[in-house]
Amino acid sequence: MDFSLITNAVAPRLREAKRVELLRRFGRIMKCGGDVLYSSGAKASIGSRCEIETSRAEYLSAEVIGFDADSLVIMSEQGTRGVVRGSRVYIAAHPPELLMGDSLLGRILNGRGEPIDGLRCPDGRTRWPLKGGSVNPLAKQRLNRAFDSGVCAINSLFTLAVGIRVGLFAGSGVGKTTLLGMISRFSQADVIVVGMIGERGREVREFVEDHLGDARHKAVVIASPADDTALSRIHGAYRAAAVAEFFRSRQRNVLLIVDSLTRLAMALREVALAAGEPPAMRGYPASVFGNIAAYVERAGAGIAGEGAITAIYTVLVEGDDHVADPISDVARSVLDGHIVLSRAIAEAEIFPPIDVGASLSRVMAAVVSEDHMAKASRFRALWSHKREKQDALDFGAYSPGRDSVLDEALQKAPAMDSLLRQGTYECVDFEASLRKLNNVM
């Protein structure tokens, strides 16, 4: 008998059996501390996907977040309800992946990828890593096209580029969501991906119905509200970035909106502290700042033959303090620009309440003409000078003719205010925005 033939026939089956065994290797829950579980009896790397069998014969998705002596430190996406001492923990042999496809368009999913819009699961066929992959920075395309946001103040004074990563900084209740809705409706992006991370649950339906409007058919909404676990909120943000990466790879220009980067940082802090990492600045462990920078880097222009991800991340500034907040500070350092909303301007009934002097687009010079750049700079200079002298104006301590720059600013103030004011459902495209700026300057 030719035993080589038997060996050749059996070997593939043995390899497959070994692979299946690896997929089903498991440990057992031995300890619980808050939302953290400790599993012994199995080995796995940081970030490994696993499933916890509950007392109700259900399975909870979880992730390995650290080690403790001979145990794996695990956190579940759905919390610890139903987990008992001795529950089995099955370790996956591959990193977490998502199923992608055009069927995602128009859908609303939670942080675990489950539909919450009452429809069946999207029929995705392409696998995509949840945490993305690294890209050679020299292979990325340069930013050389203006992004039409449909908002006059942004188009004319802080022109964005297709593929920019920009932060929207504001305190609570100043108008971030309204401005995001305007950009979502008016922009010409092929696909819109919205990650609502850690925000109020009622805002999900309001944003979809009131702000997305006719753009819903080309949008994917990932909603992981404040009552989700920290890990689910993190995975919701990662899922939104992964969906944007997938459509970018399909030569689509994607608008990625993440509301908010601050809530993502808070979820990262919660997980890092649970894993035993010591707190550093304002209670945030050092890894949070690195993870925020890595998350932001997933957006931007793709390599040759791909589209681009134009990303807008909201940053909730505590007490309207734009300097002392550590997340605000790190976001400014890693983003390509920032749009600051001012409570004082909102109280003056100027909407959207964009603080002209504090906002900036670092790539504007690369996508507009020299004349446009000069007029925008002049507008910002006049606006800032008038704001600086506002106290003297209010007290009547200024006499015309003493300051030529202030005289020009006062003369053009009504026209400048008109450029900044825009109705919530009024679209001002890039060409119309430039005409308005030319009329003022």
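Arg56 is partly exposed in this predicted model, with a relative accessible area of 45%. Its partner in a salt bridge is Glu58, and the closest N and O atoms of the two lie 3.6 Å apart. Glu58 is partly exposed as well, at a relative accessible area of 39%. This pair is a friendly place to begin, since the structure holds 20 salt bridges.

Now turn to another of these pairs. Arg165 and Asp336 bring their side chains together in a salt bridge, with 2.7 Å from N to O. Arg165 belongs to strand β12 (residues 165-170), while Asp336 sits in the loop between α8 (326-334) and β18 (337-340), so the salt bridge ties together parts of the chain that are 171 residues apart in sequence. Are these two residues buried or exposed? Both Arg165 and Asp336 are buried. They also have company: Lys140, Arg165, Glu297 and Asp336 are linked in a network of salt bridges.

A further salt bridge joins the side chains of Glu408 and Arg378, at 2.5 Å from N to O. Here the link runs between two helices, with Glu408 in α13 (residues 404-420) and Arg378 in α11 (residues 370-388), distant parts of the chain that are 30 residues apart. Arg378 counts as partly exposed, because its relative accessibility is 34% and that class covers values from 20% to 50%.

With those pairs in mind, step back to the whole molecule. The protein has 14 helices and 19 strands. Along the principal axes, its C-alpha atoms fill a box of roughly 105 × 45 × 40 Å. Of the 441 residues, 50% are buried. Among contacts with a separation of 6 or more, 72% are between residues 24 or more positions apart. The exposed surface comes to about 20,400 Å², and carbon and sulfur atoms supply 51% of that area.

Next, look for strand β14 (residues 219-224). Why can this strand be called largely enclosed by the rest of the structure? The reason is that 6 of its 6 residues are buried. In a regular strand, side chains alternate between the two faces of the sheet. In β14 both faces are covered: Ala219, Val221 and Ala223 are buried on one side, and Val220, Ile222 and Ser224 are buried on the other.

Which strands pair with β14? One is β8 (residues 108-110), which runs parallel to β14 over 3 bridges; here Ile108 has Val221 as its bridge partner. Another is β13 (residues 191-197), also paired in the parallel sense, over 6 bridges. Val193 has its bridge partner in Val220 of β14. To get from β13 to β14, the chain passes through helix α4 (residues 202-212), and this β-α-β crossover is right-handed.

Finally, visit Thr310 in strand β17 (residues 308-316). Thr310 counts as buried because its relative accessibility is 2%, and the cut-off for buried is under 20%. A polar atom of the Thr310 side chain lies 2.9 Å from the backbone nitrogen of Gly163. Setting aside neighbours within four places in sequence, Thr310 is in contact with Phe147, with Ala161, Val162, Gly163 and Ile164, and with Val254, Leu255 and Leu256.

Definitions and conventions:
Residues numbered from 1 in each chain as written. Predicted model: local features only at pLDDT ≥ 70, side-chain atom pairs only at ≥ 80, totals over all residues. Heavy atoms only, no water. Salt bridge = Lys/Arg side-chain N within 4 Å of Asp/Glu carboxyl O. Buried < 20%, exposed > 50% of the residue type's maximum accessible area, 1.4 Å probe, protein only. Helix = DSSP H or I, 4+ residues; strand = E, 2+ residues; numbered from the N terminus. Pairing = 2+ DSSP bridges. Right-handed = clockwise from strand over helix to strand, strands pointing away. Contact = heavy atoms within 4.5 Å. Areas by Shrake-Rupley, 256 points an atom, 1.4 Å probe, with all protein chains shown as cover. Polar contact = N/O pair within 3.5 Å; in protein donor to acceptor, adjacent residues only side chain to side chain.
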